[in-house]
Amino acid sequence: MSKKGIKMKDIANMLGVSTVTVSKALADKDGVSEELKKKIKETARELGYRNRDTMRSGSATNTVGILVADHFVASGQSFYWDIYQSIVKSLRQRGYYAMLEMISVKDEQEGNIPAFVREEKVDIIFVLGWLGRTYLRALDAAGLPLLYVDFYSKANRATAVIADMLYDTYQMTEYLYSIGHRRIGFVGSIHATSDIEDRYLGYYKSVIRRRLPYQEDWVLEDRDEVSGTVPKRVFQLPENMPTAFVCNNDETAYYFIHYLESKGFRVPEDVSVTGFYDNKFATAGTPAITTIRVDARRIAESAVNAGLRLMWGSESLPDMVLVRGEMVMRDSVQSLETGEGN
């Protein structure tokens, strides 16, 4: 193991302690016994580790590395671009900086991490949206603290700041129930990402609670089988159609409405459709989509708060920081009790 590449994670693995414990010991913070603190410092010195926490003027960068898959921000007006801008603004207000890298499909598949990560020119990495397991493993191996924003990974654990997707989608399904819908479907590839799975679980929780009918063919795939991220334009509709569908995001809802209309269904007169996020797709067509608004600024502020605490060795952070959304009523839902829209 070269001394240039020694990281806190290497010291932690060698001593059988957490990276947070190593960080606190090297920074002389409370929460670590004097005996263990001494052992950690001796090991770090023997390995040639340069401790940024105790050499701040020369080594700490006060910089956050931000990674996002390029397809999430290709339009320049996406939800993740709003989060990024809000994160940068919040960091600047606190005297920190940010470096952005957009990850191509090729780099994601091959696990090619940016130079600023390999060379430790940042103190922590924020990952926006979603990156594949191979890529997340490569980031984890780099040894820098990780924070996931708007997703979490069961396979590659790190602190995550996410919308409260399960609760918010549960509330949306409950709303549909309250206006008379009893046959409610879900549109989303539930095994594609953890956030789609959570939205499905929120939907399913309401279905169970209300003892609603449930058919497997009422849960429709919406992901492209090759990329796993691009919403479909064509959907496999069931013969026994629900009166409403909860879609896992606004983009899916937008294309699903277009597909329904191409098959002769009217939205919302025949089928009600809801989305999630309240991004540009929610108002891009007719009818405008009833959805859950996720506030990018609140997500960003929560991410910065959590990330700075993680940088400086806080052990009190939960695995997940949840940010509640709010329901936005538009024109894609109709009450079965009154025959009226939202």
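This passage walks through the overall make-up of a predicted protein model, then its parallel sheet and one helix that packs against it.

A good place to begin is the whole chain. The protein contains twelve helices and twelve strands, and its C-alpha atoms fill a box of roughly 75 × 35 × 35 Å along the principal axes. Of its 342 residues, 53% count as buried. The surface left exposed comes to about 16100 Å², with carbon and sulfur atoms supplying 46% of that area. Contacts also link distant parts of the sequence: among those between residues at least 6 apart, 67% join residues at least 24 apart.

Attention can now turn to the sheet. Six strands make up an open sheet, and following it from one side to the other gives the order β2-β1-β3-β4-β5-β11, with parallel pairing. The two edges belong to β2 (97-103) and β11 (320-323), each of which pairs on one side only. On average, neighbouring strands in this sheet are turned by 20° against each other, direction ignored.

Individual pairings fill in this picture. At one end of the order, β1 (residues 63-69) runs parallel to β2 over seven bridges; here G65 has M99 in β2 as its bridge partner. Further along, β4 and β5 are joined in the parallel sense by three bridges, and Y148 stands opposite A160 in β5. Strand β5 then pairs with β11, again in the parallel sense, over four bridges, with I162 partnered by L322 in β11.

Strand β5 (residues 159-163) deserves a closer look, as five of its five residues are buried. T159, V161 and A163 point one way from the strand, while A160 and I162 point the other way. Residues on both of these sides are buried.

Helix α5 offers a companion to the sheet. This helix covers residues 79-93, 15 residues in total, and reaches 22 Å from its first C-alpha to its last, close to the 21 Å expected at 1.5 Å a residue. Its buried residues are F79, Y80, I83, Y84, S86, I87, V88, S90 and L91. An α-helix has 3.6 residues a turn, so residues three or four places apart point the same way. That spacing is handy to keep in mind when reading the buried positions along the helix. The partners of these buried residues include the sheet strands β1, β2, β3 (124-128) and β4 (146-149), together with the helices α4 (70-73) and α12 (296-311). Just after α5 comes G95, which takes a positive phi of about 85°.

Technical notes. Residues are numbered from 1 along each chain as its sequence is written. This is a predicted model: local features need pLDDT of at least 70, side-chain atom pairs count only at pLDDT 80 or more; totals for chains, interfaces and linings use all residues. Side-chain values use heavy atoms; hydrogens and water are left out. Two strands pair if DSSP finds at least two bridges between them. Axes are lines fitted to C-alpha atoms, for helices over the stretch in contact, and angles run from 0 to 180 degrees between N-to-C directions. The expected span of a helix is 1.5 Å times one less than its number of residues. Buried means under 20% relative accessible area, exposed over 50%, partly exposed in between (1.4 Å probe, protein chains only). Contact means heavy atoms within 4.5 Å. Accessible areas come from the Shrake-Rupley method with a 1.4 Å probe; for residues, only the protein chains shown count as cover.
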